[in-house]
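I opened this entry to keep a record of what I looked up, residue by residue, in the structure below. My notes follow in the order in which I made them.

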Amino acid sequence: MSVRPARPSRSRRPSGRGAVAAAVPLVLFLALSLVLSLALPLLSPRSSAAAADSGREPPARHAVATGYGGAVASVNPYASRAGLDVLRAGGNAVDAAVATAAALGVVEPYSAGVGGGGYFVHYQARTGRVHTIDGRETAPAAMGRDAFLDPATGRPIPFDEAVNSGLSVGVPGTPATWEEALEGWGTVSLAAALRPATRIAERGFVVNEEFRAQTAMNEDRFRDFTPTAELFLPGGRLPEVGSVFRNPGLAGTYRLLAREGADALYEGPLAREIARTVQRPPVAPDADRTVRPGLMTTADLDRYRVLHRKPTRVEYRGVEVYSMAPSSSGGTTVGEALNILENTDLAGTDRTRALHHYLEASRIAYADRNRWVGDPAFSDVPAEELLSERFAKERACLIDPGRALTSPLAPADPRDPASWDCTAGRGGDEPYEGPSTTHLVTADRWGNVVSYTLTIEQTGGSAITVPGRGFLLNNELTDFDFTPLSQEVDGPNLPGPGKRPRSSMAPTIVLEDGEPLLALGSPGGSTIITTVLQTLVNRLDLGMTLPQAVAAPRLSQRNTATTLAEPAFLDSSAERAPLERLGHRFVLPPAAFTPAPEIGAVAALEVLDDGRTLAVAEPERRGGGSAMVLRPVR
């Protein structure tokens, strides 16, 4: 792991490299921007007729695209098109990833944006290496382990009260991540990468049913914060499907970042505005909720640094699976589960037995995750031991082909072989983690690939908008455990000054013979891990194509008494009854933070044997995603 030094640009390498490398592509990009300025919808009032009057419809949604020259997949066609336009102008996968992410901050503002953080995983074709950036949010220096305890009672404050407060807001990492990725591996400047998103924010996008539904879910709390209500409830009402939604405040924020770099968010007037908003949330006069002030200062913002971490790596069925190391638990937990499953021939068994082993491997890996994984700067995280084949083989002995395990299952110590027995002891409950976030993948003609997950935590984040700046602040610090795991064990995920809360984000790249085969990831809070794991099992073990693997009904077992199951599985799966006879208990995913009872929203790609790239997005979940390629072929 390396920490980039403090300097005027929040980048790991000396300034100059990115600008020189960007010169030729940037000329093309500027020309493209002129074309885009004519093609995007004109400024128009928010009305259902606005989109039609502009003569432009939103980009068509396609869940699958195959072709050459580069690819982008995300949850939204505006965002995917922004990334594809960068590829078309000569940019690479990193350039396209930042452009796509910035556009998602406009059209998916309740899932991601400059007020949040994320994890960036990149395959560099020139070196054949996988690199990662940890852009996770950090706690303020004043945050102690008892930050979410009521001082009057010593008990945790209500979770909803923690979310909708300045106390939940971590120091954002997204702008620094974008700048770091572009400085290290990109070919365009941050200003050029932000240009498509800036135009979308300025000229507007057409509101779809998913955007309206997510706004409706958050309407009550949005009304309690004046700038949030003014931005996302125009005229005091929900935005209408088919109307044009503009965000001039965010366009201005992007222009500021384009002029001054990521430091504009961490120093100067914008940093002061963020700190003031966190410390004194702009609560509406008629709000009746308790809104706690936050602890963030301008010094916390100035201290923020992204981290370069060695990716996790496991071998599975002859391929190499790379993902994000702690502070995320995604790579270690997916990796441990795959190592457990490596002991069983899933392809040679029936579907019921394969699903049973998938659920049990996930259950076991989650038990170990909750006990051991946190920010490695604050805890001794045994990441290498959690990913050892020896440990996985011993943990696999817990799986009984004829009976489901009982949760919560106790963890084992991967550094203490004496604790590795086949006795399934009782452990602690699964901590809560919000189900929002977003994911994107990109690939270019040179063979570079990016898998990037970014977030503001739950849908709508903290519900607090920085006045006039057009973006929501995260509630990422509620990903900390509010209390110790037990009287004897604090656990690795209590709050702490400057600490990164544990995440489940699992941006993943799979190599075969050293070359990219798959890239994938998903939103979904703690279900991210199971979504990525199940998609990999579907594709690598169960003979599904990548589109089939993404569309298949999902199950999520996270060391809990019940397993989340999507309606398509509960209503029509032939495996439900046999699995229930083994002791599995299925329930619908809660619809509290997403409009529909669904699990995850995968964006993925596969490099086919003939050199084509297959880009895949969700056909239905979250309203359906968007997959695009530069030169489509059948």
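Entry 1, a charged patch. I began at the surface of this predicted model, where I found Glu512, Asp513, Glu515 and Asp609 gathered in a patch of negative charge. I then looked up one member of the patch, Asp513, and placed it in the loop between β12 (508-512) and β13 (515-521). I noted Asp513 as exposed because its relative accessibility is 74%, and the cut-off for that word is over 50%.

Entry 2, the whole protein. I counted 22 helices and 19 strands in the secondary structure. Of the 634 residues, 63% count as buried, and the protein exposes about 22,200 Å², of which carbon and sulfur atoms supply 51%. For contacts between residues at least 6 apart in sequence, I noted that 74% join residues at least 24 apart.

Entry 3, salt bridges around Arg289. How many salt bridges does a search of the whole structure find? The search returned 30, and I followed up those of Arg289. The side chains of Asp160 and Arg289 meet in a salt bridge, at 3.3 Å from N to O. Asp160 belongs to helix α5 (residues 159-163), while Arg289 sits in the loop between α13 (268-279) and α14 (298-303), so this pair ties together parts that are 129 residues apart in sequence. I recorded Asp160 as partly exposed, with a relative accessible area of 47%, and Arg289 as partly exposed too, at 23% relative accessibility.

Arg289 also forms a salt bridge with Asp224, and here the closest N and O atoms are 2.7 Å apart. This pair again links distant parts of the chain, since Asp224 lies in the loop between α9 (219-223) and α10 (226-232) and Arg289 in the loop between α13 and α14, 65 residues apart. Is Asp224 buried or exposed? I entered Asp224 as buried because its relative accessibility is 11%, and buried means under 20%.

Entry 4, Arg612 and a network. I found the side chains of Arg612 and Asp610 meeting in a salt bridge, at 2.7 Å from N to O. At 19% relative accessibility Arg612 counts as buried, whereas Asp610, at 43%, counts as partly exposed. Elsewhere I noted Arg136, Glu137, Glu476 and Asp479, which are joined into one network by salt bridges that share partners.

Entry 5, His357. I located His357 in helix α16 (residues 351-372), and I noted that it is buried, with a relative accessible area of 6%. Which residues is His357 in contact with, once its neighbours within four places in sequence are left aside? I listed Leu341, Thr344, Leu346 and Ile399.

Entry 6, Val587. My last look-up was Val587, which lies in strand β16 (residues 586-587) and is partly exposed, with a relative accessible area of 31%. Not counting residues up to four places away in sequence, Val587 touches Thr562, Thr563, Leu564, Ala565 and Leu570. I also took the separation between the C-alpha atoms of Val587 and Ser556, which are 31 residues apart along the chain, and noted it as 10.0 Å.

Methods
Residues are numbered from 1 along each chain as its sequence is written. This is a predicted model: local features need pLDDT of at least 70, side-chain atom pairs count only at pLDDT 80 or more; totals for chains, interfaces and linings use all residues. Side-chain values use heavy atoms; hydrogens and water are left out. Patches are made of residues with over 30% relative accessible area and no salt bridge: like charges are joined within 9 Å, nonpolar side chains (Val, Leu, Ile, Met, Phe, Trp, Tyr) within 5 Å. Accessible areas come from the Shrake-Rupley method with a 1.4 Å probe; for residues, only the protein chains shown count as cover. Lys and Arg count as positive and Asp and Glu as negative; His and the chain ends are not counted. The place of a charge is taken as NZ of Lys, CZ of Arg, CG of Asp or CD of Glu. Helices (H or I, at least four residues) and strands (E, at least two) are DSSP runs, numbered from the N terminus. Buried means under 20% relative accessible area, exposed over 50%, partly exposed in between (1.4 Å probe, protein chains only). Contact means heavy atoms within 4.5 Å.
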